[in-house]
Protein chains: 2
Amino acid sequence: MNIIKGNLIFAEKFGELTILEHHYLAYDEHGIEGIYQTLPSAFSNCKIEDYQDALIIPSFSDMHLHAPQYPMLGMGMDLPLLDWLNTYTFPTESHFKDVALARKIYADLASNLVKNGTTRVAMFSSLHVDATLVLMEELERAGITGYVGKVNMDRNGGEDLQETTEESISETKRWIEASKRFAHIKPILTPRFTPSCTNELMQALGDMVKQYDLPIQSHLSENQGEIAWVKELHPDCQEYWETYDKYGLWNNRTLMAHCVHSSDRELSAIKDAGVYVVHCPSSNEDLLSGYAPIRHMMDMGVRVVLGSDIAGGDHLSMFDNLTAAIRASKARQVMYGKDRFLTVEEAFYLATSAPASFFDEKPGFAKGNSFHAIVIDDSKVLSVRPLSLKERFERAMYRRQEGAILAVYSENRKIYG
Amino acid sequence: MNIIKGNLIFAEKFGELTILEHHYLAYDEHGIEGIYQTLPSAFSNCKIEDYQDALIIPSFSDMHLHAPQYPMLGMGMDLPLLDWLNTYTFPTESHFKDVALARKIYADLASNLVKNGTTRVAMFSSLHVDATLVLMEELERAGITGYVGKVNMDRNGGEDLQETTEESISETKRWIEASKRFAHIKPILTPRFTPSCTNELMQALGDMVKQYDLPIQSHLSENQGEIAWVKELHPDCQEYWETYDKYGLWNNRTLMAHCVHSSDRELSAIKDAGVYVVHCPSSNEDLLSGYAPIRHMMDMGVRVVLGSDIAGGDHLSMFDNLTAAIRASKARQVMYGKDRFLTVEEAFYLATSAPASFFDEKPGFAKGNSFHAIVIDDSKVLSVRPLSLKERFERAMYRRQEGAILAVYSENRKIYG
């Protein structure tokens, strides 16, 4: 049994923090055994990693990001969406047919995720299977856990970034088989979005959901132009979500990024199916997509998690993205005079606890969860008076604590520090 | 003569970048002598600091921030404005009667400004003269230049943070006299805002503007509650700005923070007087103040500069604040469907070139300007293809280039690196 000690702070419920000063947490290779104010005598011979007065919080889950867009992070942000896609996104992704390049970029991405305290991901790769396997390998090597998807797109990608329907299907199957060698990174089916996939491909992916028992990730209702386009492509569907539902790509293991412009009818369908909304506030601001009604979704009982959506979003760090979620919610409140903004505890819940169920776990440092954590040393930040742990927690979220991450744990292993 | 070499990037006009690849810049203790593609033979014996392929940009001016609020940066951000002031702001500022504490905090602030590439400031201190002199001393020691103001407030500050009118006047004069010893940091008159100052104090400050030939900084039209309060206090004034104008605190050396809710009439008065609007996008988002109409102001010919407004704002780095200005402008565009968002070149102009005239200089690296610059090494950021200097510039703004600042120059001196 491994014991770590410090100030444990986590969110068991949306909007509530559990703050345990100078407590012990015991975990082994099966996960968290328990949290104790006084160390049980059974553990008296265990080695204790004593982080003193540091803050220990669950590490972040980034539930929507595009790995091959990492090298274009922070570029083309003044372009309209279509120009941005054609000038930056698609040409950048097309480079990932080069496996050596993929190795270099993905090793760097994996290392930067760890340094920023992100240990769980649901990630889009490109359509290239070999580069996707390299991505999974590099994430696994760095200690990251979660899901990676080979992207499917057999239309509207242009010459350099498109597969035939047959290729897309056979390559996806090759990739699923090859992915079996990874212990911590699992495959997730990834139709890029409805306009990128023919009905035949969507049907084949729906069949694979059943055949391989895999989760699904895609995009939904990000902006009005996209919604109108989907309507043209599927005149039989009243709303965008139905284009996924029709092909068996709509269930309680489905992640749908954005949902900025989802109607209440669409949100009800999301709630009823148990689909997860991945809120990507930085991206939605950068690309002028809008301000998703997160408070309203939470009130409806929709499951909302957070994503950086690099490189539509410009921040890899989930510290930045959770405060971006607060700012976006404030923009919405200022704009519409309703939907009260998200508090720091609420945004923290979305970035750490809300995704737990997607990984078959419970919110926070619950017994039985695998141990994922960030240890933050905030002792060098000056103050005029002693601060409460709650205040230090909030400050750590907003200040991003550059250089202050002492250690990162992922799936019961110390992977940094 | 000192020569530095690298990729020089600066904004001479709003929305335009001058990009000079591998050029030489010559400066001495009087300022910038010139920029050359080939080094003139007259300088052939000068030592060259060759930054190779690094980016060299003008350093930032932070034209509105509250030094004594630095230790509360990132706390209380979920509180309504009044609670935030009473729980955090005023109690924190009141600690600065302690000069030893001020020394510690202000040395830390000065050092972090330098590390983030901010070399010019217009800063609020607290009402305490001794701590204000310590602040000026620490900024001067770190190499920062610009203006610091002892805050005046003889009403509505509560027990711990208020002066009598007489004290406020005599202490301000003592401070102005004592400030004469500083070479790079100058005093600026600083009525906190209209609700903090009696008419008698406002009149005395107006007299000091003439007597000592000093610039002025304050707050204007930040939120609706404040505007209504000012209206109650000055029923004779049709608009907020007139409460400053009435007392001689409104001229072309006046900085007014926020102006989120200024009417066109108020903006015309700003333009006609040559007053500077200090746009503080992070603060305006964090405190739900709103989204200032910057595009509209620029179209009117109003002079707009940028401020971090810590600790209403949560980012000290002007990299963050200039991208926050872009995001805030995007929020406005999404909200109202007009006022096209600010491009990265435009926001960069506001953070570097627009404040030049306040310091009697020209935009960019103009001949005769004192040399203020940041040298950025972006060579460790991976890319899939060679990038243009314009692309590298944009990426550097968005990525904040943590740890990538090689050197900082301020008023013709290398102060970091």
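**Chatting through a two-chain model**

Trainee: Which side chain does His128(A) join in a polar contact?

Mentor: The side chain of Ser126(A), at 2.7 Å. Bear in mind that this is a predicted model.

Trainee: Okay, and where does His128(A) lie in chain A?

Mentor: In the loop that runs between strand 6 (118-124) and helix 3 (129-142).

Trainee: Is His128(A) buried or exposed there?

Mentor: Buried, with a relative accessibility of 12%.

Trainee: What is His128(A) in contact with, leaving aside neighbours within four places in sequence?

Mentor: Glu93(A), Ser94(A), Phe96(A), Lys97(A) and Leu161(A).

Trainee: Switching topic to cysteines. How many disulfides are there over all chains?

Mentor: The count is 0. Take Cys237(A): the nearest cysteine sulfur belongs to Cys197(A) and is 14 Å away. A disulfide needs the two sulfurs within 2.5 Å, so that pair doesn't qualify.

Trainee: And in chain B, which cysteine has the sulfur nearest to that of Cys259(B)?

Mentor: Cys280(B), at 9.2 Å, and Cys259(B) is in no disulfide either.

Trainee: Are these two buried or exposed, Cys237(A) and Cys259(B)?

Mentor: Cys237(A) is buried at 6% relative accessible area, and Cys259(B) is buried at 0%.

Trainee: Now the pair of chains. What turn lays chain B on chain A?

Mentor: A turn of 180°, with a shift of 0.0 Å along the axis and an RMSD of 0.0 Å. The two copies are therefore related as by a two-fold rotation axis. In chain B, Met335(B) has the C-alpha nearest that axis, 3.2 Å from it.

Trainee: How many residues of chain B are in contact with chain A?

Mentor: 48, and they meet 48 residues of chain A. The same surface serves both copies, with 100% of chain B's contact residues recurring in chain A.

Trainee: How much area do the chains bury between them?

Mentor: About 4400 Å², of which 56% is on carbon and sulfur atoms. Asp78(B), Leu382(B) and Val384(B) supply 16% of what chain B buries against chain A, more than any other three residues.

Trainee: How many salt bridges does the rule find across the interface?

Mentor: It finds 2. One joins Glu285(A) and Arg327(B), with the closest N and O atoms 3.8 Å apart. There are also 14 residue pairs in polar contact between the chains.

Trainee: Last one: which element gives the largest share of chain B's side?

Mentor: Helix 11 of chain B, with 7 residues. Other elements giving two or more residues include helix 1 (81-94) and helix 13 (389-399) of chain B.

Conventions
Residues are numbered from 1 along each chain as its sequence is written. Chains are lettered from A and ligands numbered from 1 in the order in which they are written. This is a predicted model: local features need pLDDT of at least 70, side-chain atom pairs count only at pLDDT 80 or more; totals for chains, interfaces and linings use all residues. Side-chain values use heavy atoms; hydrogens and water are left out. Buried means under 20% relative accessible area, exposed over 50%, partly exposed in between (1.4 Å probe, protein chains only). Helices (H or I, at least four residues) and strands (E, at least two) are DSSP runs, numbered from the N terminus. A polar contact is a pair of N or O atoms within 3.5 Å; within protein, one must be able to donate a hydrogen and the other to accept it, and residues adjacent in sequence count only if both atoms are side-chain atoms. Contact means heavy atoms within 4.5 Å. Copies are superposed by least squares on the C-alpha atoms of residues with pLDDT of at least 70 in both. Buried area is the accessible area (1.4 Å probe) that two parts lose on being put together, summed over both. A salt bridge is a side-chain nitrogen of Lys or Arg within 4 Å of a carboxyl oxygen of Asp or Glu.
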